[in-house]
Amino acid sequence: LTHSGLLNPNFSIMANSTYRITTTNGRYNGRQRYKFGNEFQVQLGIKQRITLGKLLSDPILSAQLRTVVADQVDGNIFSNTGGSWINLRPGTSISLSPKSSFRIMGDWPIYRRLEGTQLTTTFKIAISFYHTLSLKKKN
C-alpha cells in the first residue's frame with residue numbers, strides 16, 4: 001500500500017505486511033518432526049523523491065516489526081527460537097536511467113525481545129543494482 005502526494009507530489013507513505021504459515025517437516029534428524037514458527041512482518045515508511053542534477057533520488061526511512069512464534073520439535077517448543085524485532089531501515093535509491101537504478105539500504109535493530117539465546121544481526125547494509133530487460137522484439 002502506497003499513498004503519494006500527501007504533503008507534496010514527490011512524498012510517499014508506504015505500508016506492507018506479510019504473514020507466513022509454516023508446516024511440519026517429518027524428516028528432521030531422520031526421526032523427528034520439525035516446524036518453524038509462523039512469522040508476521042509489517043513495514044511502515046516514508047519516501048521523498050528529490051532531483052540531483054539529472055538523477056532522481058528516493059531517500060527512504062522505514063521501520064519494520066518482525067514477530068516469529070517459537071519453533072517446535074515433535075509438537076514441543078524448541079528452546080531459543082522465536083521473538084520480536086523492530087528495525088530502522090534508512091536508505092536511498094538513485095535512478096541512473098529510465099531502466100536502471102542503484103539502491104543502498106541499512107537495517108539497524110532498535111528493539112529485540114528474543115526467546116532464550118539466539119544469534120542475530122547487529123546491523124546490515126544491502127547494496128543493489130536493478131536493470132529492466134525488455135522481452136519485446138523491436139520492429
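Ala, Val, Leu, Ile, Met, Phe, Trp, Tyr, Cys and Pro count here as nonpolar, Asp, Glu, Lys and Arg as charged, and the others, Gly among them, as polar. The model is predicted: local features need pLDDT of at least 70, side-chain atom pairs count only at pLDDT 80 or more, and totals for chains, interfaces and linings use all residues. Residues are numbered from 1 along each chain as its sequence is written, and side-chain values use heavy atoms, with hydrogens and water left out.

**Exercise 1.** Describe the lining of the second largest pocket.

Solution.
- Step 1: a pocket is an open set of points on a 1 Å grid over the protein atoms alone, where a 1.4 Å probe fits, with protein on both sides within 12 Å along at least five of seven lines; lining residues have an atom within 4 Å of a point.
- Step 2: the volume, the space filled by probe spheres set on the points, is about 190 Å³ for the second largest pocket.
- Step 3: the lining includes Glu39, Gln41, Gln64, Arg66, Trp85 and Asn87.
- Step 4: by class, the lining splits into 2 nonpolar, 5 polar and 4 charged residues.
- Step 5: strands are DSSP runs (E, at least two residues), numbered from the N terminus; S5, S7, S10 and S11 each give at least two lining residues.

**Exercise 2.** State how Arg66 is placed relative to Trp85.

Solution.
- Step 1: a charge sits over a ring if NZ of Lys or CZ of Arg is within 6 Å of the ring centre and within 35 degrees of the ring normal.
- Step 2: Arg66 lies over the face of Trp85, 4.6 Å from the ring centre.
- Step 3: Arg66 and Trp85 both belong to the lining of the second largest pocket.

**Exercise 3.** Classify the aromatic pair of Tyr34 and Phe78, and give the burial of each residue.

Solution.
- Step 1: rings of Phe, Tyr and Trp (its six-membered ring) pair if their centres lie within 6.5 Å; planes under 30 degrees apart count as stacked, over 60 as edge-to-face and the rest as tilted.
- Step 2: the structure has 3 aromatic pairs. In one of them, Tyr34 and Phe78 are 5.6 Å apart centre to centre with 75° between the planes, hence edge-to-face.
- Step 3: Tyr34 is in strand S4 (residues 32-35) and Phe78 in the loop between strand S9 (76-77) and S10, 44 residues apart.
- Step 4: buried means under 20% relative accessible area, exposed over 50%, partly exposed in between (1.4 Å probe, protein chains only). Tyr34, at 9%, is buried; Phe78, at 33%, is partly exposed.
- Step 5: Tyr34, Phe36 and Phe78 form one aromatic cluster.

Note on methods. Helix = DSSP H or I, 4+ residues; strand = E, 2+ residues; numbered from the N terminus.
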